[in-house]
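Trainee: I would like a close look at the nonpolar interior of this model. Please add a few single residues for context.

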Amino acid sequence: MTDPRLETLRQALPALRLSVEPSDLEHYGRDWTRRWTPAPLAIAWPADIAEVQALLRWAHDQRVAIVPSGGRTGLSGGAVAANGELVVSLERMNRVLGFDPVDRTLTVQPGIALQAVHEAAAAHGLQYPVDFGARGSCTIGGNIATNAGGIRVIRYGNTREWIAGLTLVTGTGALIDLNRGLVKNSSGYDLRHLAIGAEGTLGIVVEATLRLTDPAPPAQTLLLALPSFEVLMQVFAAFRARVRLQAFEFFTANGLAHVVHQGGVDPFDARHPYYVVAEFDAADDVQQAAGLAAFEACAEAGWVLDGVIAQSQAQAQQLWRLREGITEAVARYRPYKNDVSVRVGAMAAFLARAQALLGEAYPDFEVVWFGHIGDGNLHINVLQPDGSDDADFLRQCGQVTELLAALLEEHGGSISAEHGIGLVKKPWLDSTRSADEIALMRGIRAVFDPAGILNPGKLFD
């Protein structure tokens, strides 16, 4: 605590939990990107809204940069503190604050894990339907900061659709209550939606009111083996025409191999090039028969080589592990990740061009693809070879991302679908947003944070 600024913080907030322990600086100063050396000033763990406000007033007066921190499961460097910033971890603010049975809303603090939200909703016979593989460690505050989507966007949409209200502390320490849980509110700009997806650059979320809905109907889970990339959208169209999809996720054979290496079970006798996990409503015999008919039509057309239908919830979880376990299974390779999106209608054309581009650009690197095909979102993971030079690997990947960004711009897509821009995608923001849009975003940011202390360097400089 030798930095004189921290002494003034101690004087202003004597009860604030604060640390400069090297292990804390290392742990809380990075996210899943693992590309920057963490170097925060200190880590602060506020316990309530008042402490967050006081922290930001102090930071505004002292001109100390702040990095808000949730579960740090992002993949764009949005939670990295590498330049002497104060990390503000919201993990102590992790409670359910209230449930409204009439409005069917759940009010929570930002540090609560997504899994805990699911459990709290289920305790009231309802569900919060946004879901990701990192549900046990990601937090609602981080989900809101990136407008995260996940595996069931095709059915339920992104985080944005489920936020009824937000309480936000701005860069000056002001506390603002946004939308207050209203269903209809035509009273000017909806600042709630500006804060959602802003990556902590407009304020720190300190409370969120989440909309809940009825539990999903019983579902059937299938694992499909496909012969080629080209038939992916045809299989999607065939299922979407016959059943009500809850999820439609694809991944490559090498992705499956990495998960199997870590204990996943491959249900097929032979390895196939591509796979799809599809989940659809199956509350009765009619819906189940429709799913089987979709599978049979795809098999007859040669679009599906084999398939497995889960016979129990446990087997469904095993099939889902093959898709959801990929990120963890390839983590040791420190993959360079592209998280991109295009309109579903443009997906077929984009896939063909992107596959050719990456096949040519990465002849010596292993590339693992997976994605939420039903909502146009692809995750491209370039695995760093063991023993290779970090700088050379990142330089090559950056050159290819330049080409990929141009291809996305051509197809009207986005360089970041659900992980934000952060540090990783900042050089290519202009492939997704026009110069006029970026100028407006800069202006908005300056209004919410006139001193420029909130997550500086993220999104844009």
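Mentor: What follows starts with the cores and then turns to single residues.

This is a predicted model, so local features need pLDDT of at least 70, side-chain atom pairs count only at pLDDT 80 or more, and totals for chains, interfaces and linings use all residues. Residues are numbered from 1 along each chain as its sequence is written, and side-chain values use heavy atoms, with hydrogens and water left out.

Take the cores. A nonpolar core is a set of buried Ala, Val, Leu, Ile, Met, Phe, Trp, Tyr and Cys residues joined through side-chain atoms within 4.5 Å. Buried means under 20% relative accessible area, exposed over 50%, partly exposed in between, with a 1.4 Å probe and protein chains only. The largest nonpolar core has 58 residues. F239 and W369 have the most contacts inside it. Helix α14 (residues 390-410) gives the most to this core, with seven residues. Helices here are DSSP runs of H or I, at least four residues; strands are runs of E, at least two; both are numbered from the N terminus. A second, separate core holds 31 residues, including Y128, F132, I144 and A198. In soluble globular proteins, nonpolar side chains tend to be buried together.

Now W369. Contact means heavy atoms within 4.5 Å. Leaving out residues up to four places away in sequence, W369 touches F229, F250, F251, T252, L351, A354, Q355, L358, L378, H379 and I380.

Next, L25. It sits in helix α2 (residues 22-28). L25 counts as buried because its relative accessibility is 17%. With residues up to four places away in sequence not counted, L25 touches S19, V20, P38, P40, L41, A42 and I43. The C-alpha atoms of L25 and S388 are 27 Å apart, with their positions 363 residues apart along the chain.

T107 lies in strand β6 (residues 105-108). At 19% relative accessibility, T107 counts as buried. Its side chain makes a polar contact with the side chain of T209, at 3.2 Å. A polar contact is a pair of N or O atoms within 3.5 Å; within protein, one must be able to donate a hydrogen and the other to accept it, and residues adjacent in sequence count only if both atoms are side-chain atoms.

Last, the backbone. N147 is not a glycine, yet its phi is positive, near 50 degrees. N147 is in the loop between α5 (140-146) and α6 (153-156). N179, also not a glycine, has a positive phi of about 80 degrees. N179 is in the loop between β8 (175-178) and α7 (191-195). N147 counts as buried at 14% relative accessibility, and N179 counts as buried at 7%.
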